[in-house]
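These exercises practise reading a protein model step by step. Try each task before reading its solution.

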Amino acid sequence: MREITYLEAVREAMQEEMRANPDVFLMGEDIGVYGGAFGVSRGMIEEFGPERIRNTPISEAAIAGAAVGAAMTGMRPIIELQFSDFITIAADQLINQAAKNRYMFGGKGKVPFVLRTPAGSGTGAAAQHSQSLEAWMAHIPGLKVVQPSTAYDAKGLLKAAIDDDNPVIFYEHKLCYRTKDHVPEGSYSIPLGKADIKREGTDVTIVATAIMVHKALQAAVELEKEGISVEIVDPRTIVPLDEETIVNSVKKTGRLVVVHEAVKRGGFGGEIASMIAESEAFDYLDAPIKRLGGLPIPIPYNPILEKAAIPQEEDIILAVKETLNRV
């Protein structure tokens, strides 16, 4: 099977959906000839034209508001925000309009749009362009939140998100864009709310999201050299969350480490830890749950400090060993 990048997989998902359905279109800043801030939509305007690849003014509130209106009147827009930090500017349209519409109209209203946006640190983009704010969106009833870590997942999940009749926030980690994976050329989708076991193991479960899946896989290779078997669960979507797969994994290994890039305080890792504490898996735990997340600071511009602000491979290795009393 061919290998393509995460970025190419996202583009391919949009192309396939736009070819299949004339109601699907893309809006965002500089997404036309320029191809978007990271080049995800490069070349699409040549195929679909400016009516369906629509450049917008620099106003995230206007972009989100237009998407809500278009979705409510029968279209299926995809919108791109250049950096996920700017979701705060679009918050009123997302939280007070899109998320509530279906409930407030007794299920008769639909708001089928996808908000795609690059997230996370690692590119030297500093404090206003590097945040991980997915826990904010996960807190809002009515929004679905997706965080693919691989190209295969990105294509399948984005196609499912575009087909969904609810607003979906689709976080694309910047450092994942250049990673490669085996991706089928044909159309396929991955259901929202179905986790993936990225690596099977027996001694400890790591639940990791986005770029942390890759760091956890690297850590697992090193731990295997010391005879420690790690199972890695990638939720892929944090809303809806596949609790069953996580619970079953913890019941098997008896230990849990949760790792995400977002600030640990108030991060989604706390939700996963609480879910396990309230589940049947709690009785299977042989050690306290460990949570790893970013420091409670703005992401620094300095690359050394930027790296120090979020969990790294060595931090994951240490956390796993602590759960096994191997430190």
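**Exercise 1. The largest cavity**

How do the residues of the lining of the largest cavity divide into nonpolar, polar and charged?

Solution. The model used here is a predicted one.

Step 1. Begin with the count of closed spaces: the structure holds 2 cavities of 30 Å³ or more. The largest cavity has a volume of about 100 Å³.

Step 2. Find its walls. The lining of the largest cavity has 15 residues, and the closest to the centre are Ser-132, Glu-134, Gln-147, His-173 and Ala-210. Two or more lining residues come from each of β7, α7 (211-224) and β13.

Step 3. Sort the lining residues by type. The result is 6 nonpolar, 6 polar and 3 charged.

**Exercise 2. The second largest cavity**

Find which element gives the most to the lining of the second largest cavity, and state how the lining divides by residue type.

Solution.

Step 1. The volume of the second largest cavity is about 60 Å³.

Step 2. Among the residues in its lining are Glu-134, Gln-147, Ile-238, Val-258, His-260, Ala-262, Phe-268 and Ile-272. Both β13 and α9 (268-277) give two or more residues to this lining.

Step 3. β13 gives the most, with 4 residues.

Step 4. By type, the lining of the second largest cavity divides into 6 nonpolar, 5 polar and 1 charged.

**Exercise 3. The largest pocket**

Which residues that line the largest pocket are the closest to its centre?

Solution.

Step 1. The largest pocket holds about 410 Å³ of space.

Step 2. From the 22 lining residues, pick those closest to the centre: Gln-131, Ser-132, Leu-133, Ala-262 and Val-263.

Step 3. Match the lining to elements. At least two lining residues come from α5 (134-138), and at least two from β13 (256-263).

Step 4. By type, the lining of the largest pocket has 13 nonpolar, 6 polar and 3 charged residues.

**Exercise 4. The sheet of 7 strands**

In what order do the 7 strands of the open sheet stand, and which strands are at the edges?

Solution.

Step 1. Read across the sheet: β3-β2-β4-β5-β7-β6-β12, with mixed pairing.

Step 2. At the edges are β3 (53-55) and β12 (237-239), each of which pairs on one side only. From one strand to the next, the twist averages 20°.

Step 3. Look at one pair. Strand β6 (residues 144-146) and β12 run antiparallel and are joined by 2 bridges. In this pair, Val-145 of β6 is opposite Val-239 in β12.

Step 4. Add the helix. α6 (residues 151-163) lies across β2 (24-28), β4 (76-80), β5 (114-119), β6, β7 (168-173) and β12. The angle between α6 and β7 is about 160°.

**Exercise 5. The sheet of 5 strands**

Explain why one side of β9 and one side of β14 is left without a neighbour in the sheet.

Solution.

Step 1. Write out the order of the 5 strands: β9-β11-β10-β13-β14, an open sheet with mixed pairing.

Step 2. β9 (196-199) and β14 (290-294) are at the edges and have a single partner strand each, so one side of each has no neighbour in the sheet. Neighbouring strands here are turned by 25° against each other on average, direction ignored.

Step 3. Check the pair at one edge. β9 pairs with strand β11 (residues 230-234) in the antiparallel sense over 3 bridges. Arg-199 stands opposite Ile-232 in β11.

**Exercise 6. Two backbone exceptions**

Which peptide bond is cis, and where is Ala-210, a residue with positive phi, placed?

Solution.

Step 1. Recall the general rule: most peptide bonds are trans, and most residues other than glycine have a negative phi.

Step 2. The bond from Val-239 to Pro-240 is cis, with omega near 0°. Pro-240 is in the loop between β12 and α8 (243-253).

Step 3. Ala-210 has a phi near 50°. Its place is the loop between β10 (204-208) and α7. Ala-210 is also among the residues closest to the centre of the largest cavity.

**Exercise 7. An annotated span**

What feature does UniProt place at residues 4-179?

Solution.

Step 1. The UniProt entry, which is unreviewed, gives "domain: Transketolase-like pyrimidine-binding" for residues 4-179.

Step 2. In the model, the end C-alpha atoms of this span lie 8 Å apart. The span is 37% helix and 17% strand.

Key:
Residues numbered from 1 in each chain as written. Predicted model: local features only at pLDDT ≥ 70, side-chain atom pairs only at ≥ 80, totals over all residues. Heavy atoms only, no water. UniProt positions renumbered as here; feature names shortened; annotations may be inferred. 1 Å grid on protein atoms, 1.4 Å probe; cavity = no way out; pocket = protein on both sides within 12 Å on 5 of 7 lines; lining within 4 Å. Points joined across faces, edges and corners; volume = space filled by probe spheres on them. Nonpolar A, V, L, I, M, F, W, Y, C, P; charged D, E, K, R; others polar. Pairing = 2+ DSSP bridges. Axes fitted to C-alpha atoms, helices over the stretch in contact; angles between N-to-C directions. Contact = heavy atoms within 4.5 Å.
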